[in-house]
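Subject: Structure for you to look at, with notes

Dear colleague,

Please find below the structure we spoke about, together with its sequence. My notes on what was found follow underneath, and you may like to keep the view open while you read them.

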Amino acid sequence: MNKRQDRPSKRDGISTGAKPKSASKSKPISKPNHGTGDACLQSLRLAVGRELDEADPYDKYQSVALVMRRRLMDGRLNTRRAWKEQGVKRVHYLSLEFLTGRVLQNAVLGLDVEEQARAGVHHLGMVLEDVYEQERDPGLGNGGLGRLAACFLDSLATQRYPACGYGIRYEYGIFRQEIRDGWQVEHPDNWLFLGNPWEAPRAADRVRVGFRGRTVHRRDENGRLRVDWIDTNNVYALPCEIPVPGFRNGIVNPLILWRAVTDEEFNLGYFNHGDYLRAVAEKEMDESVAKVLYPNDNNSAGRELRLRQQYFFVSASLQRILAEFLEDHDDLGLLPDKNAIHLNDTHPVVAIPEMMRLLMDEHGMEWEPAWEINTRLFAYTNHTLMPEALERWEAGMFSELLPRHYEIVCEINRRFLDEVAARWPGDDRRIRDLSIFEENGGKRLRMASLAIVGSHAVNGVARLHTDLLKRDLFRDFHEMWPEKFLNVTNGVTQRRWLHQANPALSRLITETIGEGWTTDLEQLQALEAHADNPQFQTTWQSMKRLNAQVLASYIADLMGVQIDPDSLIDVQVKRLHEYKRQLLNVLRVIAQWRRIQEAPDADWTPRTVLIAGKAAPGYTMAKLIIKLINDVAATINADSQTQRFLKLLFLPDYSVSLAERIFPGSDLSEQISTAGMEASGTGNMKFMLNGALTIGTMDGANIEICEAVGRDNMFVFGLDEPQVAECRANGYHPYDMYEANTELRQVIDLIAQGAFSPDDPGRFEPVVRSLLDSDHFLVLADFASYLEVQAQVDEAFRDEAGWARKSILNVARSGRFSSDRSVGEYARSVWGIKPLEWR
């Protein structure tokens with residue numbers, strides 16, 4: 001397929017071949033705002049402390065950011081005042097991860113001041129896009145979980161819902177990934193080394209968080225049992241507030257990231273006796289709780305630190321929620337009427353016993369009313385179908401670190417199992433399976449079980465995922481409380497992932513159907529009327545090619561490799577995990593390379609295959625797969641006979657900002673997880689929103705994407721979930737697949753014989769053995785189907801008009817996958833909150 005060669009400027013008007021709808025909706029371009037320029041210059045001198053002639057680009061970025069922050073803080077104060085005046089119910093979103101991405105561009109677009117900002121930056125001698133590039137990504141998350149949380153905060157503010165996010169201000173985020181000789185090498189991500197102009201530390205609002213210690217049980221003056229948690233090791237949590245703007249509505253909600261500080265700089269006694277290192281070491285130990293995202297939990301010290309992190313931010317958040325509530329109310333019984341608390345996966349689930357501790361031990365409530373408040377407050381979202389991914393804490397470690405909470409969990413479990421025994425008398429199997437405590441191989445707390453027992457609502461994040469939770473993973477809980485379970489399919493914010501990330505395509509859409517889609521994504525349906533218009537198809541494809549050129553230019557700068565923007569840009573970007581099957585992708589690339597070698601003069605569809613993602617530092621197999629991808633890429637890209645038809649690249653250090661470059665320039669979205677193992681996925685939605693077609697299994701949200709766009713506009717392959725279950729139940733023998741499929745056997749033999757690792761022929765033996773001995777993720781079972789459908793992709797891409805039509809329809813039918821829809825469902829069905837009345 002030859003993508004259109006003409007290349008419109010980002011500032012050019014675009015002729016679409018369609019009559020623009022309500023042009024008055026588009027705001028006129030404002031004249032240069034000298035006031036904004038003066039504000040930026042003043043900010044540079046008085047806030048950053050630099051004269052214009054000595055300022056570097058980062059100084060100028062800071063000056064612009066501080067101007068925008070002042071506007072955001074004004075909106076934040078107005079929003080908070082409206083909360084109090086209207087007495088609204090709020091939702092508090094607790095998440096150990098928030099992948100917000102860069103803030104400045106989102107703020108500029110949300111405040112609707114792009115032209116003013118551009119004029120202000122002009123006074124600083126820069127262009128706005130270059131200023132955006134100065135900002136570092138805050139990598140405060142590992143993948144989809146943290147990005148979903150950030151999308152939800154954007155949608156909550158845009159939809160005017162009173163909401164606050166809570167997380168940790170990690171000093172070091174997700175590691176920076178270097179690819180050295182094909183291997184992943186991790187480096188610390190010191191994202192704060194130049195400061196963070198967006199945060200507002202609130203030292204006066206710090207709260208104390210305790211660990212360890214012991215409990216003392218006593219009777220109060222009325223003879224009631226009371227418990228004191230004493231002799232604790234304390235650290236203080238200091239809130240750093242980051243503004244989250246709604247889109248062009250003046251609403252600014254807060255994201256609170258907790259920073260760990262000690263009550264004193266260091267132990268002066270040690271210092272006075274000359275032991276400075278010991279004095280400082282105690283301070284550093286206390287503050288390490290917020291030092292790094294996801295410590296390695298392959299050892300007991302790492303596991304304990306991770307539990308400390310979870311309790312640290314949960315306790316601080318709940319103390320803040322209670323303090324704010326008690327500013328305006330005296331009756332704690334009203335707490336659930338004014339607040340909803342959402343647990344994003346199992347990481348914040350220790351909030352359930354912590355709230356019980358606060359209500360009983362700090363505020364003197366009895367168990368029964370405290371438990372009623374607790375269960376009305378909390379709701380829990382599950383994000384995984386893999387039992388091994390559900391958090392379990394060793395009882396000994398938990399009880400030593402949080403002795404009071406361990407007592408509370410024991411009492412929660414005792415009362416709960418009494419209910420189970422009353423419901424199913426004599427059913428020891430159910431009691432064992434439903435207990436919060438797992439007894440096999442050592443006593444452990446099952447945090448997902450605690451979440452279900454202590455919450456009033458439990459949801460999955462795609463229809464298939466929720467069905468499998470109810471049928472398999474949490475079957476007994478669903479039988480006991482079917483009313484608790486519901487589905488809320490994930491979504492993504494179109495403001496960042498289309499309007500901000502893809503200005504060329506978003507401008508074309510707005511010129512064609514108006515700009516209402518930015519806050520109501522269902523309005524994209526109006527594009528369907530233009531899907532068969534040849535002129536519109538041509539213009540659409542010119543925007544796609546422009547984005548491919550931008551991506552190609554970035555890759556050339558990043559890696560020194562030239563890719564063909566007219567080739568089919570075939571992309572798989574996501575966390576490296578075996579169930580996501582990057583391995584299946586690379587096996588397919590090898591097979592395709594062999595086919596081209598055998599017929600180099602055939603009329604092949606040129607492809608550029610891009611893969612990106614980080615493997616957990618302790619995940620040996622995932623890191624070996626990265627090495628395999630890079631070794632295969634080195635071999636294929638050096639083959640002069642095939643390189644004009646096929647190129648494979650692994651893009652290092654995947655992040656939100658890199659994703660914003662990749663999605664607009666992509667043609668094909670690889671969503672190829674083993675059916676029944678991906679909870680939902682949101683990358684699939686971002687690709688779809690940017691006009692890429694999906695090749696995928698019937699897994700997670702792929703099923704709902706297929707229903708929305710139609711099977712003719714998506715490429716489906718492989719076993720579905722019932723077939724996967726049947727395959728495993730009947731006894732799966734991967735070696736039989738290897739023997740039966742000549743092409744598959746040739747591909748695996750090439751890897752096994754060292755064709756891609758001549759310096760170390762046995763390097764990939766663990767990969768080969770895992771495939772032939774067990775193949776838990778059914779890579780070999782889906783190989784033939786995958787190749788067959790990839791051939792269909794090649795054929796479809798050669799039909800320029802047909803591919804353009806499919807691309808347009810993918811965007812037009814993406815409306816249901818907005819995070820605006822997701823938070824609206826949560827607001828109505830889970831949280832019971834309403835939009836703020838706003839001027």
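I begin with R212, which lies in the loop between β6 (207-211) and β7. Please bear in mind throughout that the model is a predicted one. R212 is not a glycine, and yet its phi is positive, at about 60°; its relative accessibility is 22%, and because the buried class ends at 20%, R212 counts as partly exposed. A second residue other than glycine with a positive phi is R581, where the value is near 65°. R581 sits in the loop between β18 (568-573) and α22 (582-598), and with a relative accessibility of 1% it counts as buried.

Following the chain on from R212 brings you to strand β7 (residues 214-219), which pairs with strand β8 (residues 225-230) in the antiparallel sense over 6 bridges. Within this pair, H217 has V227 of β8 as its bridge partner. The hairpin that the two strands make has 5 residues between them, and there G223 takes a positive phi near 80°.

The parallel sheet

Six strands are arranged in an open sheet with parallel pairing, and the order across it is β20-β19-β18-β21-β22-β23. The edges are formed by β20 (646-651) and β23 (715-716), each of which pairs on one side only. At the β23 edge, strand β22 (residues 693-696) is joined to β23 by 2 bridges, the two running parallel, and I695 stands opposite F715 of β23.

Which helix packs on this sheet and touches β19 and β20? That is helix α23 (residues 620-637), which touches β19 (607-612) as well as β20 and whose direction makes about 145° with that of β20. Of the 18 residues of α23, 15 are buried, so that the helix is mostly covered. Its length can also be checked: at 1.5 Å a residue, the 18 residues should span 26 Å, and the end C-alpha atoms of α23 are indeed 26 Å apart, which agrees.

Towards the β23 edge, helix α32 (residues 800-812) lies across β21 (668-671), β22 and β23, and runs at about 85° to β22.

Two helix pairs

Helix α32 also packs against helix α21 (residues 534-559), with an angle of about 80° and with the axes 9 Å apart. Since angles from 65 to 115 degrees are classed in this way, α21 is described as roughly perpendicular to α32. On the α21 side the contact is made by F536, Q537, W540 and Q541, and on the α32 side by A801, W803, A804, R805, S807, I808 and V811. Sorted by class, the residues of this contact are 7 nonpolar, 3 polar and 1 charged.

The other pair consists of helix α11 (residues 351-362) and helix α14 (residues 403-423), whose axes come within 9 Å and cross at roughly 100°; α11 and α14 are therefore roughly perpendicular to each other. From α11, the residues I352, P353, E354, M356, R357, M360 and D361 meet R404, H405, I408, V409 and I412 of α14. In this contact of α11 with α14 there are 7 nonpolar residues, 1 polar residue and 4 charged residues.

A three-stranded sheet, and one glycine

A further open sheet has 3 strands in the order β13-β15-β14, and here the pairing is antiparallel. Its edge strands are β13 (392-394) and β14 (437-438), each pairing on one side only. Strand β15 (residues 444-446) is joined to β13 by 3 bridges, again in the antiparallel sense, and W393 has L445 in β15 as its bridge partner.

Lastly, you might look at G173, which is found in strand β3 (residues 173-180). G173 has a relative accessible area of 6% and is buried. Leaving aside residues up to four places away in sequence, G173 touches G139, L140, D189, W191 and L293. One of these, W191, is 18 residues away along the chain, and the C-alpha atoms of G173 and W191 are separated by 7.0 Å.

With best wishes

How values were computed
Residues are numbered from 1 along each chain as its sequence is written. This is a predicted model: local features need pLDDT of at least 70, side-chain atom pairs count only at pLDDT 80 or more; totals for chains, interfaces and linings use all residues. Side-chain values use heavy atoms; hydrogens and water are left out. Two strands pair if DSSP finds at least two bridges between them. Helices (H or I, at least four residues) and strands (E, at least two) are DSSP runs, numbered from the N terminus. Contact means heavy atoms within 4.5 Å. Axes are lines fitted to C-alpha atoms, for helices over the stretch in contact, and angles run from 0 to 180 degrees between N-to-C directions. Angles under 35 degrees count as roughly parallel, over 145 as roughly antiparallel, 65 to 115 as roughly perpendicular and the rest as oblique. Ala, Val, Leu, Ile, Met, Phe, Trp, Tyr, Cys and Pro count as nonpolar, Asp, Glu, Lys and Arg as charged, and the others, Gly among them, as polar. The expected span of a helix is 1.5 Å times one less than its number of residues. Buried means under 20% relative accessible area, exposed over 50%, partly exposed in between (1.4 Å probe, protein chains only).
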